[in-house]
Amino acid sequence: MKAPSKPMPSPDSTDSANPSDDRPDSADDRTESPDDRPDSADPRMNDEYVRRLPHVGVTLVGVVHDHPASVHRAREVVRERDPAVVALESPPLATPLYETYARESRTPPSFGGEMSAAAQAAHECDAEVVGIDAPTGSFFVRLARNCWRDGASLGTLRKVASGVTSVTCHALVCRVAAAVADRTSLRVEVDHPVEHDCDVTDPPAMQARDEVSQARRSQSLLRAFDPPRPVRLRDETREECMAANLNSLRRRGETVAVVGLDHLDGIAEQLDE
């Protein structure tokens, strides 16, 4: 396994600065700083958000999209596991864009959040990068079957179709942006990054606390409100497809999969069946 690269701090680096610059002033926060704990105890490497499934050769990394703690965790788990495959919660059509972002010399890359960071780490260990999310041909087949089984109404079918069309169009835009980047020096940012209450310049402990807070708020909302039927059908089908795609990757060797926290348990359960 290749040792993790440790870029020298620079004014325009988007990774954590020198640990001495990250040390908080308060005594309580100092107990969480990298200077007082080994790298393996970095609070951003939250085991609650990592599922190791050795029976299928898969490690799932749950993320809050574009959160600096998630970016760090996705990158470091790939480096630690040194897998044969890195799977992204991304349509195969859109995945080349994250690989384009990952070629940037900056660590982590400027665009693409945790997906680009994982792809960059994959390139360092010569791992294959694949997209496992919808839309794909198998997704459409499963979605039609699930809608039939669920007895979806015409109104529900229209909403499902509208959502899938939007996602498909976005994936095509990502593919075009990747093609442009391959042929020119342009780097097109297709999505605006999600803004959070901390950034990569904040101490690791602060990043970890903010990520946990956001994840708990999201999970509380999910428990309090049932998603609309079209959204539920689409997301359940996505999780089925992602789990099936991960199962199909087993013959290639160990896989690290980077997925949204909201899908972490659902995919893990399907892989355990």
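I count a residue as buried under 20% relative accessible area, as exposed over 50%, and as partly exposed in between. I kept that in view for Asp66, because its 25% relative accessibility puts aspartate 66 in the partly exposed class. One caution before going on: this is a predicted model.

**Entry 1: the overall picture**

I began with the whole protein. I found ten helices and five strands in its secondary structure. Of its 273 residues, 44% count as buried. I then looked up the contacts with a separation of 6 or more, and residues 24 or more positions apart account for 78% of them. For the surface, I noted about 13,900 Å² exposed, with carbon and sulfur atoms supplying 53% of it.

**Entry 2: two aspartates with an unusual phi**

I went back to Asp66 for its backbone. Most residues other than glycine have a negative phi. Aspartate 66 has a positive one, near 70°, and its place is the loop between E2 and H3.

Which residue follows H3, and what is the sign of its phi? I found aspartate 82 there, with a positive phi near 50°. Asp82 lies in the loop between H3 and E3. At 28% relative accessibility, aspartate 82 counts as partly exposed.

**Entry 3: helix H3**

Between those two loops I checked H3 itself, residues 68-81. How far apart should its ends be? At 1.5 Å a residue, I expected its 14 residues to span 20 Å, and the end C-alpha atoms are 20 Å apart, so the two values agree.

Next I asked how many of the residues of H3 are buried. Twelve of the 14 are, so the helix is largely enclosed by the rest of the structure. I was pleased to see charged residue names in the buried list: Arg73, Arg75, Glu76 and Arg79 are among them, along with Val71, Val77 and Val78.

**Entry 4: the nonpolar cores**

Val77 and Val78 turned up again when I looked at the largest nonpolar core, which has 27 residues. They are listed with Val86, Leu88, Leu97, Ala118 and Val258 as the residues with the most contacts inside that core. Several elements give two or more residues to this core, including H3, strand E3 (85-88), helix H4 (95-102), helix H7 (154-183) and strand E5 (255-260). Which element gives the most? I noted H5, with five residues.

I then picked out Leu97 for its contacts. Not counting residues up to four places away in sequence, leucine 97 touches Cys174, Ala177, Ala178, Val188 and Val190. There is also a second, separate core of 23 residues, and Tyr49, Ala87, Val259 and Leu261 are included in it.

**Entry 5: strand E3 and its partners**

In a regular strand the side chains alternate between the two faces of the sheet. I looked for this in E3: Val85 and Ala87 point one way, Val86 and Leu88 point the other way, and all are buried. My core notes fit alongside this, with Val86 and Leu88 listed for the largest core and Ala87 for the second one.

Which strands pair with E3? I found E4 (residues 128-131), in the parallel sense over four bridges, and E5, in the parallel sense over four bridges. On the E4 side, valine 85 stands opposite glutamate 128. On the E5 side, alanine 87 has alanine 257 as its bridge partner.

**Entry 6: Thr100**

I stopped at threonine 100, which lies in helix H4. Is Thr100 buried or exposed? It counts as buried, because its relative accessibility is 2%. Leaving aside neighbours within four places in sequence, I found threonine 100 in contact with Ala178, Ala181, Asp182 and Arg187. Ala178 is also touched by Leu97.

**Entry 7: cis peptide bonds**

Most peptide bonds are trans. I noted a cis bond joining threonine 107 and proline 108, with omega about -5°. Pro108 is in the loop between H4 and H5. I noted another cis bond joining alanine 134 and proline 135, with omega about 5°. Pro135 is in the loop between E4 and helix H6 (137-150).

**Entry 8: cysteines**

Last, I searched the whole structure for disulfides and found zero. I also looked up two cysteines: Cys169 is partly exposed at 41% relative accessible area, whereas Cys241 is buried at 3%.

Terms used:
Residues numbered from 1 in each chain as written. Predicted model: local features only at pLDDT ≥ 70, side-chain atom pairs only at ≥ 80, totals over all residues. Heavy atoms only, no water. Expected span 1.5 Å × (residues − 1). Buried < 20%, exposed > 50% of the residue type's maximum accessible area, 1.4 Å probe, protein only. Disulfide = S-S within 2.5 Å. Core = buried A, V, L, I, M, F, W, Y, C linked by side-chain atoms within 4.5 Å. Contact = heavy atoms within 4.5 Å. Areas by Shrake-Rupley, 256 points an atom, 1.4 Å probe, with all protein chains shown as cover. Pairing = 2+ DSSP bridges.
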